[in-house]
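Here is a set of short exercises for getting to know a protein chain. Try each task with the structure open, then read the solution.

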Amino acid sequence: MAEKLGLARRAVLAAPALLVAPGLGGAATPLAAAPVPLCIVLNSGGATVSIIDMASRRVLREEPTFREPSHWALAPDHKRLLIADASGNALFFLDPATGRELGHKMIPDPYQLWFSPDGRFLTVNCLRLNHVDIYHADTLKLARRFRVGSMPSHLSYTPDSRTLFTSMQDSGTLVAIDLTTMTERWSAKVGKTPAGVFWHDGVVLVGIMGSDNVAVIDPANGRVIRRIVTDKGAHTTFLTPDRKQIYVTNRVAGSLSVLDAKSLDVAKHIPMPGGPDDICFAPDGRLWMSLRFASHVGVYDPATGKTDRIPVGRSPHGIFISTLLNDAPARAALRMT
């Protein structure tokens, strides 16, 4: 009976899709602010989105998607939160303040996605189908499709929006794409199973899951200029809003590595069992993170070292907190999820 209800709910979700305007940068109907800050968690293995009341640490509801919600991107006007449902071949649209559903749009295999800093393009990495799709952000019409490697994973941009960097998990490469000419600039070997990509102070940081380090890449040519040994399964990196530290999630080891943001030296390691994956920073300084292998969200307090856990759906992946809407430094520091 529960499965039948879930399928019926998914059928209902399909109806609003015809009513969703494709544009993402223009005016939208004002929506009431959430009465309490919310945490929105994408459960890749459970085909659901958990909506959590951050104050009470209680799951308010579980919203179904089609198959595999993975990552999110906040629209340039901050009116819509895009949820990538990879094997469901859909983008779901949520109100980022309330978690209310706004419909969906069918597109091929959206896994990782992010808007360019200037708001012109939305890049979607299609991990299963092996192509990188660049859409016009205002219309969601495809601008260019690139086939530049196997299993495109994570991505980042230069601050001037001229260059896109995307990791190829199966190819072991990082690829640079010129967005002004829509051409590939270079492809370089960076290590086994590269994942998270992050532009930071003139270099590109890439989590190398297969060799337990973060590669520091010269953006001009893709050359590895340094390797920062962290822990097993180094996945991706997150800059704190004060720009003083970078947290690395080591998914296989079940730990976090904390880097000094200037020197990139490892300052400390923090045990975090359960496969830490994505992180968002709350205004009170706590880290909210998805624990992929434990079906929980972890809330870590750096001041005390204590971690609280909130049960959610299976294989939680992307994580968004509504306080980002009013926290420009946190949004600027995050830049990628």
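The exercises below move from the whole chain to single strands and loops.

The model is predicted, so local features need pLDDT of at least 70 and side-chain atom pairs count only at pLDDT 80 or more, while totals for chains, interfaces and linings use all residues. Residues are numbered from 1 along each chain as its sequence is written, and side-chain values use heavy atoms, with hydrogens and water left out.

**Exercise 1. The whole chain**

Task: Describe the chain by its secondary structure, burial, contacts and surface.

Solution:
- Step 1. Start with the secondary structure: the chain has two helices and 28 strands. Helices (H or I, at least four residues) and strands (E, at least two) are DSSP runs, numbered from the N terminus.
- Step 2. Turn to burial: 57% of the 337 residues are buried. Buried means under 20% relative accessible area, exposed over 50%, and partly exposed in between, with a 1.4 Å probe and protein chains only.
- Step 3. Look at contacts, meaning heavy atoms within 4.5 Å. Of the contacts with a separation of 6 or more, 43% are between residues 24 or more positions apart.
- Step 4. Finish with the surface: the accessible surface is about 13200 Å², and 55% of it belongs to carbon and sulfur atoms. Such areas come from the Shrake-Rupley method with a 1.4 Å probe, and for residues only the protein chains shown count as cover.

**Exercise 2. The nonpolar cores**

Task: Find the residues with the most contacts inside the largest nonpolar core.

Solution:
- Step 1. Fix the term: a nonpolar core is a set of buried Ala, Val, Leu, Ile, Met, Phe, Trp, Tyr and Cys residues joined through side-chain atoms within 4.5 Å.
- Step 2. Go to the largest core, which has 73 residues; Trp72, Leu91, Leu122, Tyr247, Trp288 and Val297 have the most contacts inside it.
- Step 3. Apart from this core lies another, of 14 residues, including Phe198, Ile228, Leu259 and Leu264.
- Step 4. As background, nonpolar side chains in soluble globular proteins tend to be buried together.

**Exercise 3. A sheet of four strands**

Task: Trace the open sheet that contains E13, and say which strands are at its edges.

Solution:
- Step 1. Read the order: the four strands run E12-E13-E14-E15, with antiparallel pairing. Two strands pair if DSSP finds at least two bridges between them.
- Step 2. Find the edges: strand E12 (152-157) and strand E15 (183-189) each pair on one side only.
- Step 3. Check E12 against strand E13 (residues 163-168): four bridges join them in the antiparallel sense. Among the bridge partners, Tyr157 is matched with Leu164 in E13, and Ser156 with Phe165.
- Step 4. Follow the turn: E12 and E13 form a hairpin with five residues between them, and Ser161 in the turn has a positive phi of about 70 degrees.
- Step 5. Move on to strand E14 (residues 173-178), which pairs with E13 over six bridges. Thr163 has Asp178 in E14 as its bridge partner. This hairpin has four residues between its strands, with Gly172 in the turn at a positive phi of about 70 degrees.

**Exercise 4. Inside strand E13**

Task: Work out which residues of E13 point each way, and how the rings of Phe165 and Trp186 are placed.

Solution:
- Step 1. Burial comes before direction here: six of the six residues of E13 are buried.
- Step 2. Thr163, Phe165 and Ser167 point one way, while Leu164, Thr166 and Met168 point the other way.
- Step 3. Rings of Phe, Tyr and Trp (its six-membered ring) pair if their centres lie within 6.5 Å; planes under 30 degrees apart count as stacked, over 60 as edge-to-face and the rest as tilted. By this rule there are six aromatic pairs.
- Step 4. The ring centres of Phe165 and Trp186 are 6.1 Å apart and their planes are at 45 degrees, so this pair is tilted.
- Step 5. Phe165 is in strand E13 and Trp186 in strand E15, so the pair ties together parts 21 residues apart in sequence.
- Step 6. Phe165 is buried at a relative accessible area of 1%, and Trp186 is buried at 10%.

**Exercise 5. Two serines in loops**

Task: Is Ser295 buried or partly exposed, and is Ser315 buried or partly exposed?

Solution:
- Step 1. Place Ser295: this residue lies in the loop between strand E25 (287-291) and strand E26 (296-301). Ser295 has a positive phi of about 55 degrees although it is not a glycine.
- Step 2. Ser295 has 23% relative accessibility, so it counts as partly exposed.
- Step 3. Place Ser315: this residue is in the loop between strand E27 (306-311) and E28. Its phi is positive too, at about 55 degrees.
- Step 4. Ser315 has 15% relative accessibility, so it counts as buried.
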